[in-house]
Amino acid sequence: MEKFAPREWQDALISTVSENLEEKNKIAVEAPTGSGKTSFILYLAFLTGKKLIYLTRTHNEFTRLYEDNEKYFNIPTLYMFGKNKLCPLKERWYDSEEDGQKNVCKGCPLKDKTVKLELKSIRSPEDFLANMEEDSTELIRQDIDSKALGRDTKGNLVAIKKENMKSYCPYYSVRASMVDAQIIAMTYNYLLNPSIRFNVFQGTEGEEMIHLDDYYIIFDEAHNLDSVIENFGRTLQIKTVEKAIDLLVKDFPIESYNSYERVQANLILEELLSNMSSTRGTENLKSFKFSNDFRSRISDLEPLKTFSDEFEKKNENRPLKKRSRNYLETVYNFLYDYQRMENGAIYSTVNSIEKKELKLKIMYYDTSGYLSFLKPSPVIFMSGTLPSVDHISKVWNMEDVLYLKVDSIFSNAGGVKNYRIVEGYTTLGRYRDNVEEWALMLKKYMQFVIKKYSESEKSVLVAVPSYKIIFGDAYTKVPGLANFLPDSMRSKSIFESKKISYSYIEKRATEEKIIIFSVHGGRLLEGIQLVSNGKSLISDVIIAGLPLIPLDDYRRDKIKYLEKTLKRNAYNLLYFEFALIKIKQAAGRSTRSPEDESNIWLCDDRFNDRFWRDNLLENNQQ
């Protein structure tokens with residue numbers, strides 16, 4: 001383990017931050033990417049001995065916490081993963097979705113068997129998961145061999161000699177071990193979603209309670225809070241309703257269940273399907289309204305719940321391999337939430353261009369309602385690109401927050417980024433209805449990318465607003481940026497996809513200068529760190545088009561809602577700021593140390609507007 005040498009800003013601010021947290025204040029720390037935000041939080045835990053709940057948007061972001069902890073501090077850390085990742089009995093899961101599988105633990109012989117985990121030995125999140133899976137699977141095998149576990153006539157794993165069992169539940173063991181960790185790492189939803197928070201922190205019988213007031217609560221990459229909360233609402237697809245109808249017909253035939261409740265349940269599902277099928281979906285979020293007749297119909301959801309509960313009973317009595325997901329419950333949960341929805345509405349969209357499958361989403365407007373429970377707790381909101389002070393105080397309703405903008409206090413805290421507007425590049429979206437002009441603009445963008453690559457000192461990162469701009473659309477025969485990449489450059493280019501790993505990109509960037517094509521809001525621009533000897537392997541970032549989110553029905557409705565609530569203009573807070581954060585996130589991939597200097601090429605004529613000049617060019621060196 002190396003000795004930690006704090007940077008100037010870390011050493012100067014550590015006392016201010018710890019003193020304010022002791023008073024249970026809220027702190028917003030905006031520090032450039034590469035300036036050491038994660039190590040600062042670990043330094044805080046190391047010096048104060050305080051317990052931390054460290055929250056990230058995705059599990060992938062646990063890695064940064066692990067790397068700095070393993071390198072400098074060796075603080076006992078627990079990584080919180082969900083049941084679907086930790087459960088060793090995959091046979092109990094009907095599909096990959098957790099929705100509708102609330103009873104997956106019911107009757108499981110491992111549920112009440114927990115062990116306290118060894119946390120002093122620092123392991124990566126990947127090793128943590130793999131070790132638990134291997135250990136749990138091996139113990140189950142041993143218990144089956146020793147007859148401590150066995151199978152009943154339906155194929156369920158059951159306890160035969162419970163006192164002799166070595167097996168345990170990894171998920172509940174992780175929960176039982178939270179009290180022993182100085183740092184608990186988890187994703188946002190565990191704390192921000194009220195039902196999950198109650199379930200995890202309220203504890204089950206026999207679990208030691210976790211009191212939030214005893215912890216410093218750290219939100220890493222806190223610029224993601226709004227988008228995460230917006231999507232907390234349930235979703236419902238046409239195919240789910242169709243499967244719910246099939247389930248009702250098959251399991252509860254009208255000949256055997258000729259009752260008022262059976263007829264009403266069928267009418268609810270058929271009218272719901274009719275409402276959804278008559279709606280033309282779009283890629284953007286479009287306001288959706290149920291018919292008056294249907295709203296009247298679902299004033300009583302009890303018939304649907306009755307058959308959902310009855311199906312659960314049938315499912316439990318079936319052999320393991322013949323059980324299926326409860327689609328009735330999925331529909332019921334969506335409609336139940338719809339009836340009780342506040343500060344939100346239903347919107348429709350489609351899953352993909354090819355399938356055109358309609359999906360309904362419950363979307364919320366009020367972020368502050370999900371953050372209000374934090375009022376009595378010490379909290380740090382941390383990011384390289386935090387929302388503005390106005391956004392935090394008005395939209396999040398977090399007043400009197402201590403806002404520490406590190407690069408305004410300390411020069412060159414995270415390297416130098418030289419922003420430059422490149423004129424002659426108009427918005428890409430304008431040309432989507434004219435394939436010829438669209439293709440000419442994409443070709444022009446690619447020519448600029450190749451030119452900058454030839455001039456760059458290191459690798460080049462290209463950030464575009466969407467995957468469609470990169471790959472086009474085979475269904476509508478619209479080209480993408482990739483169609484104009486010269487064959488001679490294909491071996492030196494990497495395109496973001498779910499299959500691409502960080503380690504592969506890092507290996508390539510270490511070996512040679514490459515071009516990385518990525519998407520704003522995607523995995524790479526949120527978390528990629530390409531470094532060698534502590535310095536960035538990227539010298540140029542090309543922002544190909546302004547990454548404004550579509551001003552769809554949901555965004556317009558949210559702006560109207562907040563303007564009415566705040567009694568002020570909320571357009572910039574919810575529209576331009578979101579794009580600004582994406583741009584700064586992409587730019588931040590190029591400076592991973594105070595010694596790094598990079599060029600940020602802004603290719604869209606709209607960057608000449610005052611908002612962008614004020615926010616990107618006014619302090620051009622940071």
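1. A cavity is a set of grid points where a 1.4 Å probe fits but cannot get out. With that in hand, welcome to this structure, which is a predicted model. A search through the whole of it turns up five cavities of 30 Å³ or more.

2. Let us begin with the largest cavity, whose volume is about 110 Å³. It has 13 lining residues, and the closest to its centre are C87, P88, C105, C108 and C169. By class, ten residues of this lining are nonpolar, none are polar and three are charged.

3. Next comes the second largest cavity, with about 60 Å³ of space. You can find its lining by selecting T77, Y79, E118, L119, S121, I122, R123 and F128. Four of these lining residues are nonpolar, two are polar and two are charged.

4. The pockets are worth a visit too. The second largest pocket holds about 1,000 Å³ of space. Its lining has 32 residues, with R64, E67, D68, Q529 and R592 nearest the centre. Helices α2 (37-48), α3 (62-73) and α20 (502-511) are the elements that give two or more residues to this lining. Which of them gives the most? That is α3, with six residues. As for the chemistry, the lining of the second largest pocket divides into seven nonpolar, 13 polar and twelve charged residues.

5. Now for the nonpolar cores. The largest has 135 residues, and F219, F290, L335, I380 and F381 have the most contacts inside it. Helix α14 (residues 327-339) gives the most to this core, namely seven residues. Another core, of 32 residues, lies apart from it and includes L530, I549, I600 and F611.

6. I380 is a good place to look inside the largest core, being one of the residues with the most contacts there. Setting aside neighbours within four places in sequence, I380 is in contact with V17, L21, I27, V29, I41, L44, I217, I218 and F219.

7. S383 sits in strand β12 (residues 379-383). Is S383 buried or exposed? Its relative accessibility is 0%, so S383 counts as buried. Leaving out residues up to four places away in sequence, S383 touches V29, E30, A31, K37, E221, A222, H223 and Q585.

8. One of those contacts of S383 is E221, and E221 deserves a point of its own. E221 lies in the loop between β7 (215-219) and α9 (225-230), and its relative accessibility of 2% makes it buried. Although E221 is not a glycine, it has a positive phi of about 50 degrees. Most residues other than glycine have a negative phi.

9. D400 also has a positive phi without being a glycine, here about 55 degrees. You will find D400 in the loop between α16 (389-395) and β13 (402-405). D400 is exposed, at 75% relative accessible area.

10. How does helix α8 (residues 194-202) sit in the model? Its residues R197, V200 and F201 are buried. These residues cover an arc of only 85 degrees around the axis, so they are on the same side of α8. S195 and F198, on the other side of α8, are exposed. The cover over the buried residues of α8 includes β2 (51-56), α6 (170-176), β6 (183-187) and α7 (189-192).

11. Helix α24 (residues 610-617) can be read in a similar way, starting from its buried residues F611, W612 and L616. Why do these lie on the same side of α24? They are on the same side because they cover an arc of only 95 degrees around the axis. Among the elements that cover the buried residues of α24 are β14 (416-421), α23 (571-588) and β21 (597-603). F611 also links this point to the cores, being among the residues of the 32-residue core.

12. Finally, have a look at K477, in the loop between α19 (467-471) and β16 (493-495). K477 has a relative accessible area of 71%, so it counts as exposed, the cut-off being over 50%. How far apart are K477 and T349? They are separated by 128 residues in sequence and by 21 Å in space, C-alpha to C-alpha.

Key
Residues numbered from 1 in each chain as written. Predicted model: local features only at pLDDT ≥ 70, side-chain atom pairs only at ≥ 80, totals over all residues. Heavy atoms only, no water. Buried < 20%, exposed > 50% of the residue type's maximum accessible area, 1.4 Å probe, protein only. Helix = DSSP H or I, 4+ residues; strand = E, 2+ residues; numbered from the N terminus. Arc of directions from axis to C-beta. Contact = heavy atoms within 4.5 Å. 1 Å grid on protein atoms, 1.4 Å probe; cavity = no way out; pocket = protein on both sides within 12 Å on 5 of 7 lines; lining within 4 Å. Points joined across faces, edges and corners; volume = space filled by probe spheres on them. Nonpolar A, V, L, I, M, F, W, Y, C, P; charged D, E, K, R; others polar. Core = buried A, V, L, I, M, F, W, Y, C linked by side-chain atoms within 4.5 Å.
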